[in-house]
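Reader: Could you take me through one part of this model up close? I'd love to hear about the salt bridges and what surrounds them.

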Amino acid sequence: MVEPQTDSPAPAGAQTDSPAPSPYQVLPKYPEMIFAAIEAVDEKNGANKSAISKQIEDTYGSLPAAHSTLLSHHLNKMKASGELIIVKNNYVKPDPNATPKRGRGRPAKPKQSPPEGIVVSPPRPRGRPPKPRDPLAPVTDSTPRPRGRPKKVQDPLAPTPVKVGPARPRGRPPNPDSAAKKAAQSLSGRKRGRPPKVGGASTASKPPPPGGERRGRGRPPKVQTPAADSVEN
């Protein structure tokens with residue numbers, strides 16, 4: 001007779017197949033936590049980054065050390081993709097029934113399709129069209145003309161002019177009259193310009209002022225005689 005097997009407790013120190021508990025809990029993805037935090041705040045104008053972060057910390061407790069960096073990254077990514085919009089520095093879910101925001105400038109005109117059987121010519125390119133070329137015209141050199149006057153072409157059969165005497169110096173030649181005057185002045189020893197005035201007879205005959213005092217500027221005052229004073233009285 002076979003006796004039934006009973007479960008006996010495992011000896012101390014024996015390894016079991018059950019996994020060890022993880023020190024960190026498994027968190028959902030950040031977009032899910034952000035949406036849940038905005039719904040939990042339940043504000044009309046949405047929630048800012050601080051409110052979203054605080055709601056996630058209160059809900060899930062232990063978070064990774066780079067929680068703030070990860071939250072900012074996913075908020076920016078969701079804003080760029082259109083999953084969230086910003087209203088007064090708050091993140092809000094977009095309203096699916098809202099009309100799309102009109103862009104800047106005049107809207108483009110709707111293109112009308114041509115009727116059947118009509119071939120539309122391609123649009124004209126920008127700029128002036130090139131001039132038609134004559135196929136029978138002779139082919140010329142297409143290199144552009146250089147700037148400036150072209151150099152003179154010397155005839156190889158022409159005789160080469162022979163220069164006689166010393167080469168002429170640069171500049172205008174000196175005036176012969178001015179050279180003669182300079183030579184005469186150097187011989188006489190007279191300096192250039194008008195000679196200074198020497199005191200003549202007019203200065204010598206001028207009498208000195210009375211009393212040796214220097215005469216002032218302007219007309220001197222009139223001196224009235226005693227006879228004139230008696231007539232006026």
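Author: Happy to! D58 is exposed, with a relative accessible area of 52%, and this is a predicted model, so the values here are computed from its coordinates. D58 forms a salt bridge with K54, and their closest N and O atoms are 3.2 Å apart. K54 is exposed as well, its relative accessible area being 52%. Both residues belong to helix α2 (residues 49-60), where they sit four residues apart, a separation of about one helical turn.

A search of the whole structure finds two salt bridges. The other partners are K93 and E39, whose closest N and O atoms are 2.6 Å apart. K93 lies in the loop between β2 (90-92) and α4 (176-188), while E39 is in helix α1 (residues 30-41), so this pair ties together parts that are 54 residues apart in sequence. K93 is partly exposed, at 34% relative accessible area, whereas E39 is exposed, at 53%.

Helices α1 and α2 also meet in the largest nonpolar core: along with α3 (67-81), they are the elements that give two or more residues to it. The core has 14 residues, and those touching the most other members are I34, I52, I56, L71, L75 and L84. The most comes from α1, which gives five residues. For a close view, try I56: leaving aside residues up to four places away in sequence, I56 touches M33, I34, A37, G61, L63, H67 and L71. In soluble globular proteins, nonpolar side chains tend to be buried together.

Notes
Residues numbered from 1 in each chain as written. Predicted model: local features only at pLDDT ≥ 70, side-chain atom pairs only at ≥ 80, totals over all residues. Heavy atoms only, no water. Salt bridge = Lys/Arg side-chain N within 4 Å of Asp/Glu carboxyl O. Buried < 20%, exposed > 50% of the residue type's maximum accessible area, 1.4 Å probe, protein only. Core = buried A, V, L, I, M, F, W, Y, C linked by side-chain atoms within 4.5 Å. Contact = heavy atoms within 4.5 Å.
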